[in-house]
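I opened a new notebook page for this protein. My plan is to look things up one topic at a time and write down what turns up.

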Amino acid sequence: MQDPIEPIESNVRGYARLFPTVFDTAVGSTMTDTHGKSFIDFFCGAGSLNYGHNNRQAKQALLAYIERDGIQHSLDTVTSAKVDFLDAFERIILRPRKLDYRIQFTGPTGTNAVEAAVKLARKQTQRSHVVAFTNAYHGHSLGALALTGNQFFHSEYYGSHNDVTHLPFDGYMGDLDTSTLFEKMLNDPSSGLPLPAAVILETIQGEGGINVASDAWLRRIASLCKQHGIHLIVDDIQVGNGRSGKFFSFEHAGIVPDMVCISKSIGGGLPMSLVLIRPEIDVWKPGEHTGTFRGNNLAFISARAVLEYWNDSDFEQQIEERSQRVQTKLHAICAKHSARQFRVRGRGLIWGLDLRCGDLASETIAEAFKHGLLIEGAGAHDQVLKVMPALTIETSLLEKGLQILESAVDASLF
Ligand code: PMP
């Protein structure tokens, strides 16, 4: 066996601190490090591996494509890989949902999609203000960062954010309906809120702590946007691609956003991002919003392969069955430690166990890691354990991972 590579301490950032080992291979929901130790993955590349690591169909399609010298990179010239993806996305995803969107490829990463959507809303409405929400996470480059709530990511030196107002997300004020506040501010010329170009939201805030907006709240926000000519942008980067139990998270509420940001799992494991745009508001001329790596052909190939899951009429039901297993275990953990008043939130296969204490959550994550489970924290104080396995995880691995999680919580408490 190859000598284990030790992470270089000075170069260890972010996830490398959370998971202090060197990973080497991965298949499905299992990652293996250079020591040969296997881990069950409930982290899922922060939502970019919904179909598992080295998904078999994606891998076979990629190998065949590379073997026949398919185009790898061509800026955004038309390629057969691109045409096949676009055709399948229209046929498998958009048409059955009666959705009519144009597709703008925006680059390799989710942030690129967020920035493009906001730019287009600003140009189309000729207004610059944008409403985002408390605990929102939309990325770290300067434009997207202005929309991200958590002050940990901000610095006064990153420039002005005076074109963004953060309003309270659903549930932020307990039972108070925060859409009423938005309505009141829109209708009050003294509220200090300029008429925004766009409202951007996650229907389930992933990084913000698995905060699930109710369907009624989403419908109310959508209707206020419509009344006032504001573009509703749904950031489905983390909870799209089936994570919520349906392909698009907004399907649950029955709303149709003006724009939808998609990334992470759309590429079947490879980097890709895009914005879906209602055709009427697409005012960009060809070439007005570009970037060298928009539309990576290898990503088109793997993206096309994983879209096949959505041709299977049982897929949503399979996600729901796994969802039930997660819910059952998380509620059992809460019941066992009822004095601690842990909370469970989520939908589909994104669940949060709110331990109400960041230190307890990080101890649990470290304990889980020791016993072969990768799980991440979320929320303003990293106090929420984010249970986000692949949509395709085998039941036995899911149950094993949940068992490790329960033992890790128990061990961190005693
Ligand atoms: N929006 C949401 C909802 C996200 O979860 C993320 C990434 N966690 C982003 C935007 C930014 O995506 P990326 O890191 O790929 O730029």
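**Contacts along the chain.** I began with contacts at a separation of 6 or more. Residues 24 or more positions apart account for 74% of them. I am working from a predicted model, so I treat each number as computed from it.

**Overall build.** I counted 12 helices and 17 strands in the protein. Then I checked the dimensions. Along its principal axes the C-alpha trace spans about 60 × 60 × 45 Å. What radius of gyration does the protein have? I found 21 Å. A compact globule with 414 residues would have a value near 22 Å, so the two agree. Next I looked at burial. Buried residues make up 45% of the 414 residues.

**Domains.** I looked up the domain assignment. It gives domain 1 as 67-311, and domain 2 as 313-347 + 396-414. Their centres, taken over C-alpha atoms, are separated by 29 Å. How many residues of each domain are in contact with the other? I noted 10 residues on the domain 1 side and 8 on the domain 2 side. I also sorted the domain 1 side by class. It holds 5 nonpolar, 4 polar and 1 charged residues.

**The core.** I turned to the largest nonpolar core, which has 110 residues. Which members touch the most others? They are A117, V199, I233, V275 and I375. Helix α9, residues 297-307, gives the largest share of this core, with 8 residues. Where does the core lie relative to the domains? Domain 1 and domain 2 both give residues to it, so it lies between them.

I picked V199 for a second look. I set aside residues up to four places away in sequence. V199 then touches V131, I221, C225, I230, L232 and I233. I233 is thus a contact of V199, and both are among the core members that touch the most others.

**Around the ligand.** I listed the shell next and found 15 residues around the ligand. T109, G110, T111, G139 and Q238 come nearest. Which helix gives the most to this shell? It is α5, residues 110-125, with 3 residues. By class, the shell divides into 4 nonpolar, 8 polar and 3 charged residues.

**Two positive phi values.** I checked the backbone angles with one rule in mind. Most residues other than glycine have a negative phi. D69 goes the other way, with a positive phi of about 55° although it is not a glycine. I located D69 in the loop between α3 (56-67) and α4 (80-94). Is D69 buried or exposed? D69 has 7 other C-beta atoms within 10 Å, and exposed means 12 or fewer, so D69 is exposed.

Q126 is my other entry here. Phi of Q126 is near 55°, again positive in a residue other than glycine. Q126 is found in the loop between α5 and β5 (130-133). With 8 other C-beta atoms within 10 Å, Q126 is exposed.

**A long span.** My last entry is H35. It lies in the loop between β2 (30-33) and β3 (38-41). H35 has 12 other C-beta atoms within 10 Å, so it counts as exposed. I paired H35 with L224, 189 residues apart along the chain. Their C-alpha atoms are separated by 55 Å.

Conventions. Residues numbered from 1 in each chain as written. Predicted model: local features only at pLDDT ≥ 70, side-chain atom pairs only at ≥ 80, totals over all residues. Core = buried A, V, L, I, M, F, W, Y, C linked by C-beta atoms within 7 Å. Buried ≥ 20, exposed ≤ 12 C-beta atoms within 10 Å, placed from the backbone. Helix = DSSP H or I, 4+ residues; strand = E, 2+ residues; numbered from the N terminus. Domains from an automatic or database assignment. Contact = placed C-beta atoms within 7 Å. Nonpolar A, V, L, I, M, F, W, Y, C, P; charged D, E, K, R; others polar. Near = placed C-beta within 6 Å. Rg over C-alpha atoms; globule rule 2.2 N^0.38 Å.
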